[in-house]
Amino acid sequence: MEGAGILLPIETAMAREATCGHLLISAARATTLKLANQRDAAVPHAPVMIRGAEPFDLDLAVAVADPALDLANPLKGPFKAEPIAWQEAAEAAMELARIAGILPAFMIAPDHAGEAQPVSPGDLAQWSDPDRLRIATRAKLPVTADDDSELVVFRKPDDMREHCALVIGRQMGGKAPLVRLHSECLTGDILGSLKCDCGPQLDAALAAMAEEAAQGGYGVLLYMRQEGRGIGLINKMRAYRLQDQGFDTIEANERLGLPDEARDFATAARMLDLLGIGEIRLLTNNTKKVVALETHGISIRERVAHELPSNPHNRRYLATKRDRAGHLLT
Ligand SMILES: Nc1nc2c(ncn2[C@@H]2O[C@H](COP(=O)(O)OP(=O)(O)OP(=O)(O)O)[C@@H](O)[C@H]2O)c(=O)[nH]1
Ligand SMILES: [Zn+2]
């Protein structure tokens with residue numbers, strides 16, 4: 001990493017022999033290890049550098065990095081936090097870990113690190129730029145909810161994630177379409193997980209759009225490949241393990257040293273823009289989605305409530321969304 005020297009991601013390190021004197025971890029993790037003060041912990045995913053009394057090998061580094069292992073694995077020490085002289089690069093490294101869906105933890109300048117790929121914070125900004133998104137292709141896709149629908153698939157040149165938009169009914173000017181901005185939830189969308197409300201929300205959105213199409217309008221489902229509010233499936237499952245220990249959905253992300261909300265709504269706005277849609281009626285209970293899309297140039301004619309019945313497994317999750325994340329839920 002430009003300015004930082006070699007950073008070896010602890011979770012995916014191929015150089016199994018690597019050892020180092022310093023690790024880069026999150027402020028949340030440093031706080032759990034009692035190495036950071038409250039000011040550092042104000043941003044749980046901020047980077048903190050720590051030094052150990054002994055060099056770190058990968059086994060020790062993993063134990064330091066992964067909070068889900070704490071109960072099984074009492075931590076060794078002592079460790080000490082030290083100032084970082086390359087703050088911007090350190091922040092970019094934490095962001096790269098989130099995007100890669102791995103624990104935000106790195107060996108710093110390890111011995112036996114193997115080959116390294118140069119990356120700069122500017123590369124990351126370019127990679128994230130929504131303007132680089134293009135429509136890759138589109139085709140008719142009859143679905144159960146409505147057989148008159150089409151799937152439009154999007155891609156950036158160097159981002160493997162394939163976001164897509166299902167257009168239900170005929171896209172025309174006139175009435176603003178009913179839009180659902182849905183972020184991938186493999187557990188809820190495919191497996192029928194009861195821990196969240198994603199699956200029922202997806203089904204209800206498709207039904208509402210089909211109804212809209214039957215009345216001469218149309219609907220657009222934006223399906224975005226940003227699992228777990230942008231932390232990936234593996235980290236979401238780590239967060240579920242922490243939730244089983246008593247942390248709520250926000251605390252669990254934070255304890256992993258990841259943002260509790262890392263979704264990219266600018267790219268959602270860009271998808272609508274590429275479809276030629278500037279005005280929508282948005283199915284959501286999340287006012288932050290409304291604000292984010294408006295900030296990126298989409299005019300929201302109406303917020304359409306999208307609350308589905310709860311169950312005993314998702315009741316706490318929904319209450320946390322209402323009480324801590326400001327969702328308009330009863
Ligand atoms: N990290 C994490 N992600 C979760 C958890 N439960 C659900 N998710 C993710 O949260 C996202 C749900 O997004 P949406 O339903 O589109 O949005 P929302 O913010 O709930 O707002 P609505 O539009 O009102 O539904 C999906 O990416 C899920 O994978 C959890 O406990 N932890
Ligand atoms: Zn879900």
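Which residues does the UniProt annotation "domain: GTP cyclohydrolase II" cover? I looked this up before anything else, and the record (an unreviewed entry) gives residues 138-304. I note at the outset that the structure I am reading is a predicted model.

**Entry 1. The annotated domain**

I took the secondary structure over residues 138-304 and found 38% helix and 23% strand. The C-alpha atoms at the two ends of this stretch are 27 Å apart.

**Entry 2. The three annotated cysteines**

I turned next to the UniProt annotation "binding site" (unreviewed entry) that covers C185, C196 and C198. I located C196 in the loop between α6 (186-189) and α7 (198-214), whereas C198 lies in helix α7 itself.

Are C196 and C198 buried or exposed? I found 3% relative accessibility for C196, so C196 counts as buried. For C198 the value is 12%, and C198 therefore counts as buried too; the cut-off for buried is under 20%.

I then listed contacts, leaving aside neighbours within four places in sequence. On that basis C196 is in contact with C185, G188, N314 and Y317. C198 touches H182, C185 and D189. I record that C185 appears in the contact list of C196 and in that of C198, and that C185 is itself covered by the annotation.

**Entry 3. The second binding-site annotation**

A further "binding site" feature (unreviewed entry) is placed by UniProt at R180, L181, H182, S183, E184, Q201, E227, G228, R229, T249, T284 and K289. I examined two of these positions, T284 and R229.

I found T284 in the loop between β11 (279-283) and α12. With a relative accessible area of 1%, T284 is buried. Which residues does T284 contact, neighbours within four places in sequence left aside? I listed R180, K289, V290, R303, V304, A305 and H306. Two of these contacts, R180 and K289, are also named in the annotation.

R229 lies in helix α8 (residues 227-230). At 17% relative accessibility, R229 counts as buried. I noted its backbone as well: phi of R229 is near 55°, a positive value in a residue other than glycine.

I also return to H182 here, since H182 is named in this annotation and is touched by C198.

**Entry 4. Helices α11 and α12**

Two packed helices are described by the angle between their axes and the distance between the axes. I looked up both for α11 (residues 265-274) and α12 (residues 287-295): the axes come within 9 Å and cross at roughly 60°. That angle makes α11 oblique to α12. I recorded the crossing of α11 past α12 as right-handed.

Which residues make the contact? From α11 they are F265, A268 and A269, and from α12 they are K289, A292 and L293. By class I have 5 nonpolar, no polar and 1 charged residues. K289 is one of the residues in the contact, and K289 also belongs to the binding-site annotation of Entry 3.

**Entry 5. Helices α4 and α5**

I repeated the exercise for α4 (residues 87-100) and α5, whose axes come within 9 Å and cross at roughly 40°. Here too the angle makes α4 oblique to α5. The crossing of α4 past α5 is left-handed.

On the α4 side I found E88, A89, A92, E95, L96 and I99, which meet P121, L124 and W127 of α5. The classes in this contact are 7 nonpolar, no polar and 2 charged residues.

**Entry 6. S128, A109 and M107**

S128 is found in helix α5 (residues 121-128). Its relative accessible area is 31%, and S128 is therefore partly exposed. I took the C-alpha distance from S128 to L329: they are 31 Å apart in space and 201 residues apart in sequence.

Where is A109 placed? I found A109 in the loop between β5 (106-108) and α5. Phi of A109 is near 45°, a positive value in a residue other than glycine.

M107 lies in strand β5. At 0% relative accessibility, M107 counts as buried. How many residues separate M107 and L23 in sequence? I noted 84 residues, with the C-alpha atoms 4.7 Å apart in space.

Conventions. Residues numbered from 1 in each chain as written. Chains lettered and ligands numbered in written order. Predicted model: local features only at pLDDT ≥ 70, side-chain atom pairs only at ≥ 80, totals over all residues. Heavy atoms only, no water. UniProt positions renumbered as here; feature names shortened; annotations may be inferred. Helix = DSSP H or I, 4+ residues; strand = E, 2+ residues; numbered from the N terminus. Buried < 20%, exposed > 50% of the residue type's maximum accessible area, 1.4 Å probe, protein only. Contact = heavy atoms within 4.5 Å. Axes fitted to C-alpha atoms, helices over the stretch in contact; angles between N-to-C directions. Parallel < 35°, antiparallel > 145°, perpendicular 65-115°, else oblique. Left-handed = near helix turned anticlockwise from the far one by under 90°. Nonpolar A, V, L, I, M, F, W, Y, C, P; charged D, E, K, R; others polar.
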